[in-house]
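Grab a coffee and work through the exercises below with the model open beside you. Try each task before reading its solution.

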Amino acid sequence: MVTKKIQIEFADPTIKAVDYLQDIREAAEKASLNLYARFDIQLGYPMPDEQCEYVYVEIRIPESMAENFAYGNRLRGISIYLLKKYPEKYEPHVKSRRLLTYFEIEDTPVEVANTENEIDRFEAMIQFAKLLKCTDDRSNQKIERIVEILNEDDKGEKHAGNHYQ
């Protein structure tokens, strides 16, 4: 696998992706399962840079696809999700038939969560995607337990750190 760091920006220069980070994270979460299932591409969790100027996402690509990888084609699921879920919010910002643009950030070391106290989000997404492909009773029970945990937040319970809305 080849790891790349991709900057996400709106095609409309009057708005900044970092101001819409939560929506982008939601869209990336939806797109990541499709990318993994169809292309074995692992999409990370969108994050702001240290100065909160832009949004980037780490992406792991099979070596066989890395050389000719077209970010816009593979990541357009993020734009599609935003336009379908929030049309009134994002349609005015479409420029030249694009909502988002993607740029590879060169020569930047990528840190991967490998310490005991950190969750490796890529590995968690891979395991969950594999689980979703299974239809046996044990897999269905595991999925139900995960969904129950995710629904705990919907009932007003909070947890430390970043959480989805």
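A contact here means heavy atoms within 4.5 Å, and pLDDT is the predictor's confidence in each residue, from 0 to 100. This is a predicted model, so to speak of a local feature we need pLDDT of at least 70, and side-chain atom pairs count only at pLDDT 80 or more, while totals for chains, interfaces and linings use all residues. Residues are numbered from 1 along each chain as its sequence is written, and side-chain values use heavy atoms, with hydrogens and water left out.

**Exercise 1. Confidence**

Task: Find where pLDDT stays under 50, and say how many contacts beyond four places in sequence the model has there.

Solution:
- Start with the average: the protein chain comes out at a pLDDT of 76, with 78% of the residues scoring at least 70.
- Now look for the dips. One covers residues 108-117, where the model has 11 contacts beyond four places in sequence.
- Another covers residues 158-165, with 10 such contacts.
- Finish with the elements. Helices (H or I, at least four residues) and strands (E, at least two) are DSSP runs, numbered from the N terminus. Helix α5 (residues 121-133) has the lowest mean pLDDT among the elements, 71, and helix α4 (residues 87-90) the highest, 89.

**Exercise 2. Layout**

Task: Work out the order of helices and strands along the protein chain.

Solution:
- Count first: there are 6 helices and 5 strands.
- Then read along the sequence, which gives β-α-β-β-β-α-α-α-β-α-α.
- For cover, call a residue buried under 20% relative accessible area, exposed over 50% and partly exposed in between (1.4 Å probe, protein chains only). Buried residues make up 36% of the 165 in the chain.
- For long-range wiring, take contacts between residues at least 6 apart in sequence: 64% of them join residues at least 24 apart.

**Exercise 3. Who pairs with β4?**

Task: Identify the strands joined to β4 (residues 55-61). Two strands pair if DSSP finds at least two bridges between them.

Solution:
- Begin with β1. It is joined to β4 by 7 bridges, and the two run antiparallel. T3 has R60 as its bridge partner, and I8 has V55.
- Go on to strand β2 (residues 42-43), which is antiparallel to β4 over 2 bridges. Q42 stands opposite R60.
- Next is strand β3 (residues 47-48), again antiparallel to β4 with 2 bridges. P48 sits opposite V55.
- β3 and β4 also make a hairpin with 6 residues between them, and C52 in the turn has a positive phi of about 55°.
- Don't stop at β4: β1 is antiparallel to strand β5 (residues 100-104) as well, through 5 bridges, and F10 stands opposite L100.

**Exercise 4. Covered strands**

Task: Decide how many residues of β4 are buried, and which of them point each way.

Solution:
- The tally for β4 is 7 of its 7 residues buried.
- In a regular strand the side chains alternate between the two faces of the sheet.
- Sort β4 that way: V55, V57, I59 and I61 point one way, Y56, E58 and R60 the other, and all are buried.
- Compare strand β1 (residues 2-10): 7 of its 9 residues are buried, so β1 is largely enclosed by the rest of the structure.

**Exercise 5. An aromatic cluster**

Task: Classify the ring pair of F10 and Y20. Rings of Phe, Tyr and Trp (its six-membered ring) pair if their centres lie within 6.5 Å; planes under 30 degrees apart are stacked, over 60 edge-to-face and the rest tilted.

Solution:
- The count by this rule is 4 aromatic pairs.
- For F10 and Y20 the centres are 5.5 Å apart and the planes at 75°, so this pair is edge-to-face.
- F10 is in strand β1 and Y20 in the loop between β1 and α1 (21-39), so the pair ties together parts 10 residues apart in sequence.
- Check the cover: F10 counts as buried because its relative accessibility is 5%, and Y20 as partly exposed because its value is 22%.
- Y86 and Y90 are also edge-to-face, at 6.1 Å centre to centre and 70° between the planes. Y86 is buried at 16% relative accessibility, and Y90 at 0%.
- Put together, F10, Y20, Y86 and Y90 form one aromatic cluster.
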